[in-house]
Amino acid sequence: MATNSIRLDQQLIEKATIIAKALDRTTPKQIEHWAKIGEMMEDNPDLPYEFVKQAIIAKAEREAGKLEPYEFG
């Protein structure tokens, strides 16, 4: 993945650093996480945050091969 340098508000970086430490992420990964959630929320304004959060978790579980097929009936 290619990377670019961008300028961000220092307060955003400081807040991301605190949250990142609490959630065992790097500061850049925390900012990426917030950006991903923001993009999903803007693309789907009618969806509640919890639904979007669970969709991100489900995608990560699928990519990790941790989902099992659902058996109907």
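**Figure 1. The model holds 1 aromatic pair.** The partners are Tyr-70 and Phe-72, and their ring centres lie 4.9 Å apart. A welcome reminder before looking closer: this is a predicted model. A pair of aromatic rings is described by how far apart the centres are and by the angle between the planes. For Tyr-70 and Phe-72 that angle is 80 degrees, so the pair is edge-to-face; planes over 60 degrees apart fall into this class. Tyr-70 counts as exposed, at 64% relative accessibility. Phe-72 is exposed too, with a relative accessible area of 76%.

**Figure 2. Helix H2 turns one face inward.** The helix runs through residues 27-43. Its 17 residues should span 24 Å at 1.5 Å a residue, and the end C-alpha atoms are indeed 24 Å apart, so expectation and model agree. Which residues of H2 are buried? They are Gln-30, His-33 and Ile-37. Looking down the axis of H2, you will find these buried residues within an arc of 60 degrees, so they line one face of the helix. Their cover includes helix H1 (10-22) and helix H3 (49-63). The face turned away from the buried side carries the exposed residues Pro-28, Glu-39, Glu-42 and Asp-43.

**Figure 3. Thr-26 caps the N-terminal end of H2.** The cap is made by a side-chain oxygen of Thr-26, which lies 3.1 Å from the backbone nitrogen of Lys-29. Lys-29 appears again in a salt bridge, where its side chain meets that of Glu-32 with an N to O distance of 3.3 Å. Why are these two about one helical turn from each other? Lys-29 and Glu-32 are 3 residues apart in helix H2, which means a separation of about one turn. Lys-29 is partly exposed, at 43% relative accessibility, and Glu-32 is partly exposed as well, at 38%.

**Figure 4. Helix H1 leads into a loop that holds Asp-24.** At the start of H1, a side-chain oxygen of Asp-9 comes within 3.0 Å of the backbone nitrogen of Gln-11. H1 has 13 residues, which should span 18 Å at 1.5 Å a residue. Its end C-alpha atoms are 19 Å apart, which agrees with that expectation. Beyond H1 comes Asp-24, with a positive phi near 60 degrees. This backbone angle is worth a second look, as Asp-24 is not a glycine. Is Asp-24 buried or exposed? Asp-24 has a relative accessible area of 74%, which is over the 50% cut-off, so this loop residue counts as exposed.

**Figure 5. Helix H3 carries salt bridges, among them Lys-53 with Glu-50.** How many salt bridges does a search of the whole structure find? The search finds 3. In the bridge between Lys-53 and Glu-50, the closest N and O atoms are 4.0 Å apart. Both residues lie in H3, 3 residues apart, about one turn of the helix. Lys-53 is partly exposed, with a relative accessible area of 33%, and Glu-50 is also partly exposed, at 42%. Further along, the side chains of Glu-63 and Lys-59 meet in a salt bridge, 3.7 Å from N to O. Glu-63 and Lys-59 both belong to H3 and sit 4 residues apart, about one turn of the helix. Here the partners fall into two classes: Glu-63 is exposed, at 57% relative accessibility, whereas Lys-59 is partly exposed, at 45%.

**Figure 6. Helix H3 spans 21 Å from its first C-alpha to its last.** H3 has 15 residues, and its span is close to the 21 Å expected at 1.5 Å a residue. Gly-65 follows the helix, and its phi is positive, near 75 degrees.

**Figure 7. Lys-36 and Ile-56 are 20 residues apart along the chain.** In space, their C-alpha atoms are separated by 9.0 Å. Lys-36 has its place in helix H2. At 42% relative accessibility, Lys-36 counts as partly exposed.

How values were computed: Residues numbered from 1 in each chain as written. Predicted model: local features only at pLDDT ≥ 70, side-chain atom pairs only at ≥ 80, totals over all residues. Heavy atoms only, no water. Expected span 1.5 Å × (residues − 1). Buried < 20%, exposed > 50% of the residue type's maximum accessible area, 1.4 Å probe, protein only. Arc of directions from axis to C-beta. Contact = heavy atoms within 4.5 Å. Polar contact = N/O pair within 3.5 Å; in protein donor to acceptor, adjacent residues only side chain to side chain. Phe/Tyr/Trp six-rings, centres within 6.5 Å; stacked < 30°, edge-to-face > 60°.
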